[in-house]
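Got your viewer open? Take this as a walk from one selection to the next, with a note on what you'll find at each stop.

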Amino acid sequence: MKKTSPERLLKLQVKRAAKRFKLLQVLKSISKEKYDEKISASIVYGFLSAVAVNFFFQPGNVYSSGATGLAQVLTALSSRFLGFTIPVSVTFYAINIPLMLLAWYQIGHKFTIFTFITVSMSSLFIQIVPVVTLTNDPIINALFGGVVMGLGIGFALRNNISSGGTDIVSLTVRKRTGRNVGSISLIVNGTIMLIAGVTFGWKYALYSMITIFVSSRVTDAIFTKQKKMQAMIVTSHPEKVIAKIHKRLQRGATIINDAEGTYNHQHKAVLITVITRAEYNEFKYIMKKSDPDAFVSISDNVHILGRFVELDK
């Protein structure tokens, strides 16, 4: 009987693992346009995160938010207790491996694949971008580092990819509770800063809290998908509008029949639906095509009690 080589056994095991986790099917289901769009977003985030870390956080002894901040803490601890320094890029990558497994099962397969690409890009850029000291003022480093990091995280989430780390935890909790990403991150990152304060000194923890606050606010400003809008539509063609909302947005709607206008006493229907701010432009296009004469009232930043589906696009 012909013996199987170790290389062949390894390939067989990899194929079995990929099949078990449905990896090949997911990869094949992603269009080339999606790859181009999301890999571009991953590159942008990776570069911005590297600029924040190597231009502001490390020179200013300021700890970042999330997994990046935890990676900085582990790097500093390795230098102090192990006698050698583990690069931030390596600790950052190691932290994200179990979190990506969580994302695979709790958030979405495509989401996790692009998160893996984003984390890889971020680690690569943190490694190759040189550390540059622009200023020694820790407050300036904390403020500008938080802005740059928040821009990167918000841009990544806006393109439905995660920057890894606590973003995965935040999105998992938001999917179950509906709470804002920035607010959840603030709580999680506060715990990380507490560890940093006890270990390295409270002044660095306070500067880092400035970074966390600024980063979370910028993230909320950029990442509009989590902001809900309620649309009330008064229309003479409810069937057309509902069909478009179902098909283009995959959103439901509540219909109130036998409404009547007070001027010409025409019978109309009232539709109520909830969309995200990221879907607003598509919603306007839908209304223009289905019923341009409809009266539409929008309530911004509404709160939802009950199930509101987050689509894995």
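Start by selecting N61, which counts as partly exposed, with a relative accessibility of 44%. Keep in mind as you look that this is a predicted model. N61 sits in the loop between helix 3 and helix 4. Check its backbone: phi is positive, about 55 degrees, even though N61 is not a glycine.

There's a second spot like that, so jump to Q250. Here too a residue that is not a glycine has a positive phi of about 55 degrees. Q250 is in the loop between helix 11 and strand 2, and at 44% relative accessibility it is partly exposed.

**Into the core**

Now select F57, I107, M149 and I168. In the largest nonpolar core, which has 37 residues, these four touch the most other members. To see where the core comes from, colour helix 3 (32-57), helix 4 (66-81), helix 5 (88-106), helix 6 (109-128), helix 7 (138-158) and helix 8 (166-177); each gives two or more residues. Helix 3 supplies the largest share, eight residues.

Zoom in on F57 and show what surrounds it. Leaving aside residues up to four places away in sequence, F57 touches A52, V62, S64, Q72, N141, G145, G146, M149 and T211. Then move to F283, I286, M287 and A294, which are among the 12 residues of a second, separate core.

**Over to the sheet**

Next, show the strands. Four of them make an open sheet, ordered 2-3-1-4, with antiparallel pairing. Which strands stand at the edges? Select strand 2 (254-260) and strand 4 (295-300): each has a single partner strand, so one side of each lacks a neighbour in the sheet. Look along the sheet for the twist, which averages 20 degrees from one strand to the next.

Strand 1 (residues 228-235) pairs with strand 4 over six bridges, in the antiparallel sense. For one bridge to click on, try M232, whose partner in strand 4 is S297. Now add helix 11 (residues 238-249), which packs on the sheet and touches strand 1, strand 2 and strand 3 (267-276). The direction of helix 11 makes about 15 degrees with that of strand 3.

**Rings and a charge**

Time for the aromatics: the count comes to three aromatic pairs. Take F56 and F144, a stacked pair with 6.3 Å centre to centre and 20 degrees between the planes. This pair links distant parts of the chain, with F56 in helix 3 and F144 in helix 7, 88 residues apart. Buried or partly exposed: which is F56? F56 counts as buried at 10% relative accessibility, whereas F144, at 48%, is partly exposed.

Now pick Y93 and F116. Their ring centres are 6.5 Å apart and the planes stand at 70 degrees, so this pair is edge-to-face. Y93 belongs to helix 5 and F116 to helix 6, so the pair ties together parts 23 residues apart in sequence. Turn on the surface and you'll find Y93 partly exposed, with a relative accessible area of 25%; F116 is also partly exposed, at 43% relative accessibility.

For the last stop, select R217 and F213. The charged end of R217 sits over the ring of F213, 5.3 Å from the ring centre.

How values were computed
Residues are numbered from 1 along each chain as its sequence is written. This is a predicted model: local features need pLDDT of at least 70, side-chain atom pairs count only at pLDDT 80 or more; totals for chains, interfaces and linings use all residues. Side-chain values use heavy atoms; hydrogens and water are left out. A nonpolar core is a set of buried Ala, Val, Leu, Ile, Met, Phe, Trp, Tyr and Cys residues joined through side-chain atoms within 4.5 Å. Buried means under 20% relative accessible area, exposed over 50%, partly exposed in between (1.4 Å probe, protein chains only). Helices (H or I, at least four residues) and strands (E, at least two) are DSSP runs, numbered from the N terminus. Contact means heavy atoms within 4.5 Å. Two strands pair if DSSP finds at least two bridges between them. Axes are lines fitted to C-alpha atoms, for helices over the stretch in contact, and angles run from 0 to 180 degrees between N-to-C directions. Rings of Phe, Tyr and Trp (its six-membered ring) pair if their centres lie within 6.5 Å; planes under 30 degrees apart count as stacked, over 60 as edge-to-face and the rest as tilted. A charge sits over a ring if NZ of Lys or CZ of Arg is within 6 Å of the ring centre and within 35 degrees of the ring normal.
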